[in-house]
Amino acid sequence: MVLVSGATGTNGSEIVRLLSAAGVPVRALVRSKAKATAIADLPGVELVEGDFDHPDSLEAALKGIDKAFMLPPFVNNMVELQHNFIEAAKRAGTKHIVKLSAFGADPNSPIVLGKWHGQSEKELEASGLAYTHLQPNGFLQNLLAFAQSIATQGTFFQPAADAKISNVDARDIAAVAAAVLKEDGHEGKTYVITGPEALSFSEVADVFTDVLGKKVTYVAISPEEFKASMLQWGQPEWLADALNELFGIYRAGYGAVVTNVVADVAKKTPITVEQFVRDHATAFQSA
Ligand SMILES: NC(=O)c1ccc[n+]([C@@H]2O[C@H](COP(=O)([O-])OP(=O)(O)OC[C@H]3O[C@@H](n4cnc5c(N)ncnc54)[C@H](OP(=O)(O)O)[C@@H]3O)[C@@H](O)[C@H]2O)c1
């Protein structure tokens, strides 16, 4: 049996669905069973309550589990939370952790997101457990945050200038994760997961325009404007600063790498921006 953490979230819920459909028994780690109705009745899925903040709950959830998917929540103590998970896995006798990491993860990264994920990768590598690191670029699903703005005003805003970025659909990340969780042979591997194309947000806006049949415009904003709008929306300052660092790396051209991991590992054709917009057209038309 495999354990999937973050099972109510974007990646985790899709991984649970894929493993269930493939007949792989899954224990889905959730903070509250009441919030997990979307996956509760899937064949072969059992729910267990647990919290990365509570190591004992993780150890109990991991008992009898050979392989676990570790999805660190996007919080500023994510290194400590992953330490809790790795230590609990060791105590529980889990053999292999598949870590959701991030593009550019490195303990020496100049940006905190890369640094935090990189620190946890190194801790996992030193733990004695088998590991696989999944390093996705930005998720296409992030565009859903602009659904209302695109639907009502035909605009979206990012501090990305004209950087080309190989954003990836989380359904493809989940397909890679599901393959790694159900097959042998991925131990010690690091997979950089990207979309099939690197587009600027102006090019993404053109895709929206074509698919939705109405003009959609990308507005390049400054890091200062981005931070001010994040704070205005009630987001914490550390998050605004972390994302601004990330966009700085993108503006410097580091986000354009395209890999074949989705095709090679998940054996599927990667989802394009056009397909993503088609699949979510209703949200972008009527949010
Ligand atoms: N967004 C991007 O572009 C991007 C790119 C690369 C890497 N990443 C990485 O992807 C990860 C986020 O993945 P995602 O978007 O699939 O997640 P998500 O949709 O934000 O979902 C987070 C999941 O974690 C659970 N969770 C939160 N705090 C928890 C805790 N203390 N204990 C146990 N579970 C907890 C949530 O459960 P509840 O339902 O209980 O809240 C939820 O299931 C982060 O590590 C981020 O750095 C993101």
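## A ligand shared by two domains

The shell around the ligand takes at least three residues from each of domain 1 (2-136) and domain 2 (138-167 + 195-256 + 269-287). Keep in mind that this is a predicted model.

Let's stay with the ligand for a moment. In total, 24 residues surround the ligand, and the closest are Thr-8, Gly-9, Asn-11, Arg-31 and Pro-73. Helix α1 (residues 10-21) gives the largest share of that shell, 3 residues. As for chemistry, the shell splits into 10 nonpolar, 10 polar and 4 charged residues.

Now for the two domains themselves. The domain assignment of the protein chain gives domain 1 (2-136) and domain 2, the latter written as three stretches, 138-167 + 195-256 + 269-287. Their C-alpha centres sit 27 Å apart. Where the domains touch, 7 residues come from domain 1 and 8 residues from domain 2. On the domain 1 side of that contact you'll find 4 nonpolar and 3 polar residues, and no charged ones.

Here is how the ligand shell and the domain 1 side of the contact break down by residue class:

| Set of residues | Nonpolar | Polar | Charged |
|---|---|---|---|
| Shell around the ligand | 10 residues | 10 residues | 4 residues |
| Side of domain 1 that touches domain 2 | 4 residues | 3 residues | no residues |

Next, a helix worth a look: α5. It covers residues 112-126, which makes 15 residues, and reaches 21 Å from its first C-alpha to its last, close to the 21 Å expected at 1.5 Å a residue. Which residues of α5 are buried? They are Leu-113, Gly-114, Trp-116, His-117, Gly-118, Ser-120, Glu-121 and Leu-124. The cover over these buried residues includes two helices, α4 (78-92) and α10 (237-251), along with the strands β5 (96-100) and β6 (130-136). Just after α5 comes Gly-128, with a positive phi of about 90 degrees.

Finally, have a look at Pro-196. You'll find Pro-196 in the loop between β8 (189-193) and α8 (201-212). Is Pro-196 buried, exposed or partly exposed? Pro-196 has 19 C-beta neighbours inside 10 Å, so it counts as partly exposed; being buried would take 20 or more. Setting aside neighbours within four places in sequence, Pro-196 is in contact with Val-258, Pro-270 and Thr-272. Phe-226 is another story: Pro-196 and Phe-226 are 30 residues apart along the chain, and their C-alpha atoms are separated by 27 Å.

Conventions: Residues are numbered from 1 along each chain as its sequence is written. This is a predicted model: local features need pLDDT of at least 70, side-chain atom pairs count only at pLDDT 80 or more; totals for chains, interfaces and linings use all residues. A residue is near a molecule or strand if its C-beta atom, placed from the backbone, lies within 6 Å of it. Helices (H or I, at least four residues) and strands (E, at least two) are DSSP runs, numbered from the N terminus. Ala, Val, Leu, Ile, Met, Phe, Trp, Tyr, Cys and Pro count as nonpolar, Asp, Glu, Lys and Arg as charged, and the others, Gly among them, as polar. Domain bounds come from an automatic or database domain assignment. A residue is buried if 20 or more other C-beta atoms lie within 10 Å of its own, exposed if 12 or fewer, and partly exposed in between; C-beta atoms are placed from the backbone. The expected span of a helix is 1.5 Å times one less than its number of residues.
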